[in-house]
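Please open the structure in your viewer and keep the selection tool handy. We will make a few short stops together.

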Amino acid sequence: MADPVKNKLLKEEIITYAYLILYIALSSGQIFFNKWVLSSKEINFPYPLGLTLLHMAFSSILCFLLTKVFKVMKVEEGMTMEIYTTSVIPIGAMFAMTLWLGNTAYLYISVAFAQMLKAIMPVAVFILGVAAGLEVMSCRMLLIMSVISFGVLVASYGEVNISWIGVVYQMGGVVGEALRLIFMEILVKRKGLKLNPISIMYYVSPCSALCLFIPWIFLEKPKMEAHGTWNFQPVVLTLNSLCTFALNLSVFLVISHTSALTIRVAGVVKDWVVVLVSALLFADTKLTVINLFGYGIAIAGVAAYNNYKLKREASRHISDDSQDAQAIPMAASSTPPVYNTVQENVMSRPFDDRFAVALTCAIDSAAEYWGRKLLVISDQQMFLQGLVGIVDL
């Protein structure tokens, strides 16, 4: 007879993996869908600002219907006018900036190269976090940020058809996303308001739509009227907007069943999927050995950054648990066993945290292994052969 506890754990693990696969598939598919809509000759909708505005308006309407009309989901309480004006509006503005500039970059650079440039996100978040007093500069973090920056520079150097206009747009989107994350952290840490993703979408989407509508009137509306693009394909754009909303809901499902750290680590896997699959789907994507080598260095730095954040969060939880244990009086004089080993600490975690730990450590180990392999290659010819061998794997 099967153990019901084991069956329950197995069911939870299967559901967790299913949500993670759903998130990776929707996130990757949405990137490809946006690229296809913006650059495809069949769709002929090269208006990233208008497309992003459509996404935000669609999300606003659906969030209102789901939370206020059908009441399928609940919006978190605690929002005040002061919090909305000082936090939600900046978050909405930065979110609009991120999506607008990121989608515009697809008109100039390939999807793979755009993902490589996004790898520098932790550097932007850390620098802005230090400026806002949320992060502390250390030698270890400086080394990690240097590794990520060096990897992105190498990947950029290996780009065959580089467009600096596209690079500027993409880096602008990275800065906007970093500012959005900083404002989100300020909202949680300093103002004590914790919102689930559906609540964030409910409050942020209308604000983002308004921030996009104003520049759309002056920048893209005259172009659309001049080219007669109002006769766009409504079915395709509606499906595109629906996929965007489904992606946001998948983030809600993953975080509710796992953690924010897990989805951050799963994002690393998603980035590799996008880079490799885009080379097969789009003609403008031409990956080189230097591209992949630089991106591998950057991803190794991102993995080290995630691992550092994981250990810091774990130490914070351990300190909190020890303080709680000291506050509870002992009922007997016997001394309870103390488990301080890493293995006991990890296995006592729920499955979602163990998944994040395992995946992060696997990426770290792979990066360290290939780093050692590359160090022993001294001759230039052998160096290139070694890189080709890595790519073939």
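Start by selecting Glu-77, which sits in the loop between H2 and H3; keep in mind throughout that this is a predicted model. Is Glu-77 buried or exposed? Its relative accessibility is 64%, above the 50% cut-off, so Glu-77 counts as exposed. Now add Ser-199 to your selection: the C-alpha atoms of Glu-77 and Ser-199 are separated by 9.0 Å, although the two are 122 residues apart along the chain.

Next, select the helices on either side of that loop: H2 covers residues 48-69 and H3 covers residues 81-105. Their axes lie 8 Å apart, and the helices pack at an angle of about 135 degrees. H2 and H3 are therefore oblique to each other. Turn the view and you can follow H2 as it passes H3 in a right-handed crossing. To see who makes the contact, show Pro-48, Leu-49, Thr-52 and Met-56 on H2, then Phe-95, Leu-99, Trp-100, Asn-103 and Thr-104 on H3. Colour them by class and you get six nonpolar residues, three polar ones and no charged ones.

For the last stop, move to Ser-110, found in the loop between H3 and helix H4 (111-118). Ser-110 has a relative accessible area of 5%, so it is buried. Which backbone atom does its side chain reach? Look for the backbone nitrogen of Phe-113, at 3.2 Å from the side chain of Ser-110. Finally, show Lys-35, Glu-159, Asp-284 and Thr-285: Ser-110 is in contact with these residues, leaving aside its neighbours within four places in sequence.

Note on methods. Residues are numbered from 1 along each chain as its sequence is written. This is a predicted model: local features need pLDDT of at least 70, side-chain atom pairs count only at pLDDT 80 or more; totals for chains, interfaces and linings use all residues. Side-chain values use heavy atoms; hydrogens and water are left out. Axes are lines fitted to C-alpha atoms, for helices over the stretch in contact, and angles run from 0 to 180 degrees between N-to-C directions. Helices (H or I, at least four residues) and strands (E, at least two) are DSSP runs, numbered from the N terminus. Angles under 35 degrees count as roughly parallel, over 145 as roughly antiparallel, 65 to 115 as roughly perpendicular and the rest as oblique. A crossing is left-handed if the near helix is turned anticlockwise from the far one by less than a right angle, and right-handed if clockwise. Contact means heavy atoms within 4.5 Å. Ala, Val, Leu, Ile, Met, Phe, Trp, Tyr, Cys and Pro count as nonpolar, Asp, Glu, Lys and Arg as charged, and the others, Gly among them, as polar. Buried means under 20% relative accessible area, exposed over 50%, partly exposed in between (1.4 Å probe, protein chains only). A polar contact is a pair of N or O atoms within 3.5 Å; within protein, one must be able to donate a hydrogen and the other to accept it, and residues adjacent in sequence count only if both atoms are side-chain atoms.
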